[in-house]
Amino acid sequence: MSYSLSELIPVLKQAGKLLREHFEGKHLVAEDQGPAGEGPVTLKGEHELVLGVDMLSQKMIVEAIRMLHPEHGVYSEEMTNWGEFKADKRLKFVIDPLDGTHNYHFGIPLWGIAVSLVDGENRPQAGLINIPMLDLLLSADENGTVLHYQ
């Protein structure tokens, strides 16, 4: 069966717009609020940042997926349900709402948003990558066929 994630293109573009609007803003570590109140920058691990805009992007994408596909699993880099991933035999979305957080934080424009769909055996079925600073949106199916959207 072939899957398309084209219905998610508008939300990936919207999340990309949000991230672009806050790009190069002052991101603070600890309890301080970042620019426009998008939330604090926290440390996920010793060298791993989580930005407030990362969480806003995730919220936007997860809400859209749950509305469009309530029967599918949803896993995101910043969610805590990863322990269930392998045993979950449904179709599952895997999200990185801000791939390249360190680049983003330090003003390097090479970052993006990634969403993939995997089957119950965790085999890739489809994927979307949005690189907002390059106005590039790519879609791939399980055969590796890549489509380019603007």
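Okay, one definition before anything else: when I say polar contact, I mean a pair of N or O atoms within 3.5 Å, and inside a protein one of the two has to be able to donate a hydrogen and the other to accept it. Residues adjacent in sequence count only if both atoms are side-chain atoms. Keep that handy for Ser76. And keep in mind that what's on the screen is a predicted model.

So, the layout. We've got three helices and eight strands, and reading from the N terminus the order is α-β-β-α-β-β-α-β-β-β-β. The protein has 150 residues, and 44% of them are buried. If you take contacts between residues at least 6 apart in sequence, 44% of those join residues at least 24 apart. The accessible surface is about 8100 Å², with carbon and sulfur atoms holding 57% of that.

Let's go to Ser76, which sits in strand S3. How buried is Ser76? Its relative accessible area is 0%, so Ser76 counts as buried. And what does its side chain find in there? One partner is the side chain of Gln58, in a polar contact of 2.7 Å. Another is the backbone oxygen of Ile95, which the Ser76 side chain reaches at 3.4 Å. Now use that cut-off: a polar contact needs the pair within 3.5 Å, so a reach of 3.4 Å falls inside it. Ile95 turns up a second time, as the bridge partner of Ser76 in S4. Beyond four places in sequence, Ser76 touches Gln58, Trp82, Ile95 and Pro97.

Zoom out to the strand itself. S3 is covered on both faces: Gly73 and Tyr75 are buried on one side, Val74 and Ser76 on the other. S3 pairs with strand S4, residues 92-99, in the parallel sense, over four bridges.

From S4 we can keep walking across the strands. S4 and S5 run antiparallel and are joined by six bridges; as one example, Lys92 has Val118 in S5 as its bridge partner. Then S5 goes on to S6, again antiparallel, with six bridges, and here Ser116 is partnered by Gly127 in S6. Five of the seven residues of S5 are buried, so that strand is mostly covered. The hairpin of S5 and S6 has five residues between the strands, and Asn122 in that hairpin has a positive phi, near 65 degrees.

Next, the core. In soluble globular proteins, nonpolar side chains tend to be buried together. Here, the largest nonpolar core has 30 residues, and the ones touching the most other members are Leu5, Leu8, Ile65, Tyr104 and Val115. Which elements give two or more residues to this core? Those are helix H1 (9-22), H2, S4, strand S5 (112-118) and strand S6 (124-131). Take Leu8: leaving out residues up to four places away in sequence, Leu8 touches Ile65, Leu68, Phe93, Val115 and Leu128.

Right after Leu8 comes helix H1, and Ile9 is part of that helix. Ile9 is at 11% relative accessibility, which is why Ile9 counts as buried. Its C-alpha is 9.1 Å from the C-alpha of Ser139, and those two are 130 residues apart along the chain. H1 as a whole has 14 residues and spans 20 Å from first C-alpha to last, close to the 20 Å expected at 1.5 Å a residue.

Which residues of H1 are buried? They are Ile9, Val11, Leu12, Ala15, Gly16, Leu18, Leu19 and His22. An α-helix has 3.6 residues a turn, so residues three or four places apart point the same way. Have a look at the list with that in mind. After H1 comes Glu24, with a positive phi near 75 degrees.

Last stop, His69, in the loop between helix H2 (52-68) and strand S3 (73-76). Is His69 buried or exposed? His69 is buried, because its relative accessibility is 18%, and the cut-off for buried is under 20%. Its side chain makes a polar contact with the side chain of Glu7, at 2.6 Å. Setting aside neighbours within four places in sequence, His69 is in contact with Glu7 and Phe93. Phe93 is also among the residues that Leu8 touches.

That's my tour; happy to rotate the model if anyone wants another look.

Methods
Residues are numbered from 1 along each chain as its sequence is written. This is a predicted model: local features need pLDDT of at least 70, side-chain atom pairs count only at pLDDT 80 or more; totals for chains, interfaces and linings use all residues. Side-chain values use heavy atoms; hydrogens and water are left out. Buried means under 20% relative accessible area, exposed over 50%, partly exposed in between (1.4 Å probe, protein chains only). Contact means heavy atoms within 4.5 Å. Accessible areas come from the Shrake-Rupley method with a 1.4 Å probe; for residues, only the protein chains shown count as cover. Two strands pair if DSSP finds at least two bridges between them. A nonpolar core is a set of buried Ala, Val, Leu, Ile, Met, Phe, Trp, Tyr and Cys residues joined through side-chain atoms within 4.5 Å. The expected span of a helix is 1.5 Å times one less than its number of residues.
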